[in-house]
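Please look at the model below before reading on. This report walks through a few of its details.

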Amino acid sequence: MQKPIGIFDSGVGGTSIWKEIRRKLPNEDTIYLADSKNAPYGSKSKEEILNLSIKNVELLLKENSKIIVVACNTATTNAIDHLRKTYEVPFIGIEPAIKPAALRTQTKKVGILATKGTLSSSLFHNTSKMYAEGITVLEQEGKGLVELIEQGKQNSEEVKQLLCDYLNPMLAAEIDSLVLGCTHYPYLIPALQEILPEHIHIIDSGEAVARQTKAVLEKQGLLSLSNTKGASKFYTNGSYEVLQQLVGKQTKVSQLDF
């Protein structure tokens, strides 16, 4: 079915998910909404997050999206249950990859870097309780990181200093896995690799989300039958330069007030 996959996030971070979806499903059309004007969602109330998520979904449905990927950990944890009850299209959510980290760890100590909205959510705590029994999970709010990434400063000295401040207690506790609990954070991997010892495994959710998106499309008979490369549209209500830089000059990015 040649309707697009709709994707939204509180800014540019969810393009890390978009890239994995494009890799897994190259013939699908995609539409991406970057709600940079309201980034980050992680510092907002549950009601605000829900209202912003509804706004984004309504716009993606007007664009005829056949499935919607909530490419935001905070929006998933605070809004996806309501979205699934309200709309008929399938939704794919994002949650921190606690399970693979818990299965992999040898030291039984795992770090998670995430936003306040994700760390304080019931979904995160239920996931940790389910998969991390006997594992010490060291939580750290990545305060300020999303804002810097939204400014295109993911490789700046300011970011590296924040990461050192956030990660040093985890390193002292001997974590051997770091879970990236925000879709913006994969853009920090080069900086993280400079700071972290080589034996620490960095885990994000992108590939698993793309795999789940394909599985749901297959199950519901919604996969594209096209043999040609799918088209991609990008909309942002913020500055388009950073988004353009992340998705490539060959991809059209439009500014839209939403």
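The text covers the pockets, then the aromatic pairs, then one cysteine. Keep in mind that this is a predicted model.

**Pockets**

Start with the two largest pockets, set side by side in the table.

| Pocket | Volume | Largest share of the lining | Lining by class |
|---|---|---|---|
| Largest pocket | about 690 Å³ | α3, 8 residues | 15 nonpolar, 10 polar and 7 charged residues |
| Second largest pocket | about 230 Å³ | α1, 3 residues | 5 nonpolar, 4 polar and 3 charged residues |

The largest pocket is lined by 32 residues. T76, G93, I94, E95 and V209 lie nearest its centre. Several elements each give at least two residues to this lining, among them α2 (46-62), α3 (73-86) and β4 (91-92). The helices α4 (98-104), α6 (122-131) and α10 (206-219) do so too.

Which helices each supply at least two residues to the lining of the second largest pocket? They are α1 (15-24) and α11 (240-247). The residues lining this pocket include W18, K19, R22 and P26. K229, G230, A231 and S232 also line the second largest pocket, as do L246, V247, Q250 and T251.

**Aromatic pairs**

W18 appears again here, in one aromatic cluster with Y32 and F234. How many aromatic pairs does the whole structure hold? A search finds 3. In one of them, the ring centres of Y32 and F234 are 5.6 Å apart. Their planes meet at 40 degrees, so this pair is tilted. Y32 sits in strand β2 (residues 30-34), and F234 sits in strand β9 (residues 232-236). The pair therefore ties together parts that are 202 residues apart in sequence. Y32 and F234 are both buried.

Another pair joins Y87 and F91. Here the centres are 6.3 Å apart and the planes are at 55 degrees, so the pair is tilted. Y87 and F91 are buried.

**A cysteine in a loop**

Now turn to C182. This residue lies in the loop between β7 (177-181) and α9 (189-195). Is C182 buried or exposed? C182 counts as buried because its relative accessibility is 9%, and the cut-off for buried is under 20%.

Which residues does C182 touch, leaving aside those up to four places away in sequence? They are N73, L113, T115 and V146. G11 is 171 residues away from C182 along the chain. The C-alpha atoms of C182 and G11 are separated by 11 Å.

Notes
Residues numbered from 1 in each chain as written. Predicted model: local features only at pLDDT ≥ 70, side-chain atom pairs only at ≥ 80, totals over all residues. Heavy atoms only, no water. Buried < 20%, exposed > 50% of the residue type's maximum accessible area, 1.4 Å probe, protein only. Contact = heavy atoms within 4.5 Å. Phe/Tyr/Trp six-rings, centres within 6.5 Å; stacked < 30°, edge-to-face > 60°. 1 Å grid on protein atoms, 1.4 Å probe; cavity = no way out; pocket = protein on both sides within 12 Å on 5 of 7 lines; lining within 4 Å. Points joined across faces, edges and corners; volume = space filled by probe spheres on them. Nonpolar A, V, L, I, M, F, W, Y, C, P; charged D, E, K, R; others polar.
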